[in-house]
Amino acid sequence: MTLYLIGLGLHDERDITLKGLDAIKACKKVYFETYTSKLNTAQHNMEKLYGKKITAIPRSFVEEDADKLLKEAKKEDVAVLIVGAPLAATTHIDLFLEAKKQKIPVEVIENGSVLTAIGITGLFLYKFGRITTIPFNNEKITSPYDVVIANQKNKLHTLCLLDIQETKMMTAREGLDYLIRQGLKKETLVVACGALGAPDPEIKAGKAKDLKITRFPQCILVPADLHFKEEEALSIWKP
Ligand SMILES: C[S@@+](CC[C@H](N)C(=O)[O-])C[C@H]1O[C@@H](n2cnc3c(N)ncnc32)[C@H](O)[C@@H]1O
């Protein structure tokens, strides 16, 4: 049988692709990975639209009980729903590889990702360097800031993803305060993005010390040198 890794897109239950929906309808079991990102909708709205009961899986399930899930996929079609694109977070590659090793057919159904949705800011995607994630409990952690500095040296923009814990999502403000504590100049031009993929995403460009947004999930972009077209685009998002 087949293991389907299905991207849900970024905003709500209606961002699923027709291919994704067809696969869900054909599956006996439908799991929903709830810990690497969040949709702006409730699970019952997904169940209503997809016509299937969904089992939410917390962080521990996929990592520790992957065997159980793969065993099921040997006997029947199983779907794992993942917010955004299925393999944009490194977490799910293990599941994909393990299915391949066990000769379980695995199909990846793509969708939009935060990694491409940031294109709406006007910053050129090909000018981004390494992505980093700012974790909660970051007092002793320097690596996210090190990534920003290394990218800037190479004249590359940085996408800073923000930690998510079961019910808690880090705000761009908390992430920026971390970067400032690490040494980012308060006057640095940064971009904060919230609810990308929504019809009305919240995007603000401004000084690191000032920016605050309210829509979730959120991420931060730290631009390096700007092309004049990027400057023009960012002016749309300035207060
Ligand atoms: C592990 S990444 C998401 C990977 C996901 N599979 C994808 O392709 O988008 C999760 C982080 O991306 C950021 N993020 C996700 N969705 C977002 C959105 N719609 N708007 C802004 N930031 C978002 C947040 O910082 C969140 O904690």
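## A helix across the sheet

In this predicted model, helix 8, which spans residues 172-182, lies across strand 6, strand 7, strand 10 and strand 12, and runs at about 40 degrees to strand 12.

## The five-stranded sheet

The strands that helix 8 lies across belong to an open sheet of five strands, whose order is 6-7-12-10-11 and whose pairing is mixed. Its edges are formed by strand 6 (132-134) and strand 11 (202-207), each of which pairs on one side only, and from one strand to the next the twist averages 25 degrees.

In general, the strands of a sheet pair through backbone hydrogen bonds, in either a parallel or an antiparallel sense. Here strand 6 and strand 7 pair in the parallel sense, over three bridges, and within this part of the sheet threonine 133 has leucine 161 of strand 7 as its bridge partner.

## The shell around the ligand

The ligand is surrounded by 23 residues, of which Gly84, Ala88, Ser113, Val114 and Leu196 come nearest. Sorted by class, this shell holds 16 nonpolar and seven polar residues, with no charged residues.

Both domains take part in the shell, since domain 1 (3-112) and domain 2 (115-236) each contribute at least three residues. Among the secondary-structure elements, helix 6 (114-117), strand 7 (158-162), strand 10 (189-194) and strand 12 (218-222) each supply at least two residues; strand 7, strand 10 and strand 12 are thus members of the five-stranded sheet that also contribute to the surroundings of the ligand.

How values were computed:
Residues numbered from 1 in each chain as written. Predicted model: local features only at pLDDT ≥ 70, side-chain atom pairs only at ≥ 80, totals over all residues. Near = placed C-beta within 6 Å. Helix = DSSP H or I, 4+ residues; strand = E, 2+ residues; numbered from the N terminus. Nonpolar A, V, L, I, M, F, W, Y, C, P; charged D, E, K, R; others polar. Domains from an automatic or database assignment. Pairing = 2+ DSSP bridges. Axes fitted to C-alpha atoms, helices over the stretch in contact; angles between N-to-C directions. Contact = placed C-beta atoms within 7 Å.
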